[in-house]
Amino acid sequence: MASMVGVGLSFGLISPPKPLKTNHPTRRMVVVRAEGGTINPEIRKAEEKVVDAVVVTELAKPLTAYCRCWRSGTFPLCDGAHAKHNKATGDNVGPLLLKKQ
């Protein structure tokens with residue numbers, strides 16, 4: 001079982017300004033950030049970058065990359081932010097790839 005020692009997560013709730021009179025419901029956004037040094041303290045550290053792939057038969061796209069470094073500007077989708085994180089911290093975290101079969 002993986003350990004989460006040394007990794008801190010912070011959660012914040014951001015409320016948008018009060019909407020003008022519309023028929024749209026109020027939306028809330030949750031911001032999640034990983035704080036601390038590395039995201040991956042012990043899993044497969046001998047690998048340059050930890051990337052896992054899952055083959056799924058029912059997907060709209062042939063390949064979808066999901067963020068596991070918590071730094072993506074398009075979270076939960078991966079935007080490659082792990083490369084900068086890995087270079088700065090010496091970590092080896094990479095995306096989760098869902099592949100259409």
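This report describes the fold, the surface and the sheet of a predicted protein model.

## Overall make-up

The protein is built from 1 helix and 5 strands, and when the elements are followed from the N terminus on, they come in the order β-β-β-β-α-β. In this order the helix stands between the fourth strand and the last one.

## Burial, surface and contacts

The protein has 101 residues, and 20% of them count as buried. Its accessible surface comes to about 7,700 Å², and carbon and sulfur atoms account for 59% of that area.

As for how parts of the sequence meet in the fold, among contacts in the protein with a separation of 6 or more, 64% are between residues 24 or more positions apart.

## The open sheet

Strands of a sheet pair through backbone hydrogen bonds, and this pairing may be either parallel or antiparallel. In the present model, 3 strands form an open sheet in the order β3-β5-β4, and the pairing within this sheet is mixed. The edge strands are β3, which covers residues 50-56, and β4, which covers residues 63-66, and each of these pairs on one side only. From one strand to the next, the twist of the sheet averages 20°.

## The pairing of β4 with β5

Strand β5 spans residues 93-100 and runs antiparallel to β4, to which it is joined by 4 bridges. One of the residue pairs that can be named here involves Tyr66, whose bridge partner in β5 is Leu96.

How values were computed: Residues numbered from 1 in each chain as written. Predicted model: local features only at pLDDT ≥ 70, side-chain atom pairs only at ≥ 80, totals over all residues. Heavy atoms only, no water. Helix = DSSP H or I, 4+ residues; strand = E, 2+ residues; numbered from the N terminus. Buried < 20%, exposed > 50% of the residue type's maximum accessible area, 1.4 Å probe, protein only. Contact = heavy atoms within 4.5 Å. Areas by Shrake-Rupley, 256 points an atom, 1.4 Å probe, with all protein chains shown as cover. Pairing = 2+ DSSP bridges. Axes fitted to C-alpha atoms, helices over the stretch in contact; angles between N-to-C directions.
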